[in-house]
Amino acid sequence: MTRTDRQRWLLPSHLVEPGGTGAARPRRTVRDWVVDILVFLLAALFGLVAIDTSARYNSDAVNLTDQILGALACGALWLRRRWPAGLAAALAVAGALVPAAAGAMLASLFSVAVRRPFRDIAWIVGLALAGAVATVFVRPDPETGAVLGILLGVSLTLLVTAWGMLVRARRQLVEALRERAERAESEAELRAAQAQRLAREAIAREMHDVLAHRLTLLSVHAGALEFRPDAQPEQIARAAGVIRDSAHDALQDLREIIGVLRAPGEENGGDRPQPTLATLGALVDESREAGTEVVLHSAVDDPGSVPAATGRTAYRIAQEGLTNARKHAPGAPVTVTLRGRPGDGLTVEVRNPAPGGPVPHVPGSGQGLIGLSERAALAGGRLDHGPDPGGGFSLTAWLPWPA
């Protein structure tokens, strides 16, 4: 995760530059330098107090030795990030012999508790506790009793260890929350990409359903003009008008569908209402004008009461059925049947007999039925299609119609 410059100096180095196994040790941040300096100063202050206390009853040679070893122990704290466990073990032993090293020992023990789980540092904590008990007998303080000295040393050791474990737990919590936030962002991006893909698929299905119907009308009337050049002028004019109207409607439908891809700020005026079951009659009339014999049987008393999404899906299914009938059975009559009521669902059925003669193969056949199956499944319904025993073809869809 990329950190800004403002965040970087406020965070520990292992959070700014997390590294795996074999990764280079991260460089100290400004926060790390401030913490290390404060730890060094506190350890030195603790050592000076211990030296001042022991100087009252020790010789000058012992005091000089304590000062040198205490200074080395405090200086060794700068290595606590590189070798935390080894340094803590060494200072635990030194702290038992040299009171001036006790502050450095506590600081190194805190660092180990922050960076390692307790099961890995239990032996170091035990060594530090043993050193706290041993120092009372190795370097006794006449002004402090043995019991009080042991209680003080053990209490400080356990307190520093618990504090370090608490800091470790808090850092783990912060890291877990950060990973969860990153994972949530990734999942949100995936959901957005999936939603965009589904929207594109829906637009593609809508394009196929709408444009296939319009372009089939164009093909039928253009073919009639091609094979009947001697037709009456009125018939030629009527066919040309249907071609013009179909081309205009195809452009309008394409403009409606592509309009959903515009940016939110762009105008999307001129959109026509989406088709519903109430407009199915106009679709049947349009197919009749194109020369297809269509019979509509509707047992739905009030098509306007059908939910808009269900009605639109039923409209597209009937539209695709009429389109397929014109392409694969030209000249054959088509029967469209509607039945259903609230609570039982809506059934749309499109049937046509076998064509009267050979029909040339149409490229891309079957894609519309696949799209209709997906559309019906998304609406919570089902779609069945296939040849009839008599040689015709039937398309039947059931869609839910809530009570």
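**Exercise 1. The hairpin**

Task: Describe the hairpin formed by strand 4 and strand 5, and state which residue in the turn has a positive phi.

Solution. Strand 4 and strand 5 form a hairpin, with five residues between them. In the turn, Gly 391 has a positive phi of about 105 degrees. The model used here and in every exercise below is a predicted one. Next, look at the pairing. Strand 4 covers residues 382-387 and pairs with strand 5 in the antiparallel sense, over six bridges. Within this pairing, His 385 stands opposite Leu 395 of strand 5.

**Exercise 2. Another partner for strand 5**

Task: Find how many bridges join strand 3 to strand 5, and give the bridge partner of Arg 351.

Solution. Strand 3 consists of residues 345-352 and strand 5 of residues 393-399. Seven bridges join the two, and they run antiparallel. For Arg 351, the bridge partner in strand 5 is Ser 394.

**Exercise 3. A salt bridge between strand and loop**

Task: Explain why the salt bridge of Arg 351 and Asp 388 ties together parts that are apart in sequence.

Solution. Begin with the contact: the side chains of Arg 351 and Asp 388 meet in a salt bridge, at 3.1 Å from N to O. Then place both residues. Arg 351 belongs to strand 3, whereas Asp 388 sits in the loop between strand 4 and strand 5, so the pair ties together parts 37 residues apart in sequence. Finally, check the exposure: with a relative accessible area of 33%, Arg 351 is partly exposed.

**Exercise 4. Salt bridges in helix 8 and elsewhere**

Task: Classify Glu 182 and Arg 178 as buried, partly exposed or exposed, and do likewise for Asp 344 and Arg 341.

Solution. The structure holds six salt bridges. One of them links Glu 182 to Arg 178, whose closest N and O atoms are 3.0 Å apart. Both residues lie in helix 8, four residues apart, which is about one turn of the helix. The cut-off for buried is under 20% relative accessible area, and for exposed it is over 50%. Arg 178, at 14%, therefore counts as buried. Glu 182, at 27%, is partly exposed.

Now take the other pair. Asp 344 forms a salt bridge with Arg 341, with the closest N and O atoms 2.4 Å apart. Asp 344 has a relative accessible area of 46%, so the residue is partly exposed. Arg 341, at 54%, counts as exposed.

**Exercise 5. The length and bend of helix 7**

Task: Check whether the span of helix 7 agrees with its number of residues, and locate its bend.

Solution. Helix 7 runs over residues 118-138, which makes 21 residues. The expected span is 1.5 Å times one less than the number of residues. This gives 30 Å, and the end C-alpha atoms are 28 Å apart, which agrees. The helix 7 axis bends by about 25 degrees at Ile 124. Ile 124 is one of the buried residues of helix 7, which also include Ile 121, Val 125 and Ala 128.

**Exercise 6. A nonpolar surface patch**

Task: Name the residues of the nonpolar patch that includes Val 34, and classify the exposure of Val 34.

Solution. The patch is formed by Val 30, Val 34, Ile 37, Leu 38 and Leu 41 on the surface. Together they have about 430 Å² of accessible area. Val 34 is part of helix 3, residues 30-54. Its relative accessibility is 45%, so Val 34 counts as partly exposed.

Technical notes:
Residues numbered from 1 in each chain as written. Predicted model: local features only at pLDDT ≥ 70, side-chain atom pairs only at ≥ 80, totals over all residues. Heavy atoms only, no water. Patch = residues over 30% accessible without salt bridge, like charges linked within 9 Å, V, L, I, M, F, W, Y side chains within 5 Å. Areas by Shrake-Rupley, 256 points an atom, 1.4 Å probe, with all protein chains shown as cover. Salt bridge = Lys/Arg side-chain N within 4 Å of Asp/Glu carboxyl O. Buried < 20%, exposed > 50% of the residue type's maximum accessible area, 1.4 Å probe, protein only. Bend = angle between axes of the 7 residues up to and from the residue. Pairing = 2+ DSSP bridges.
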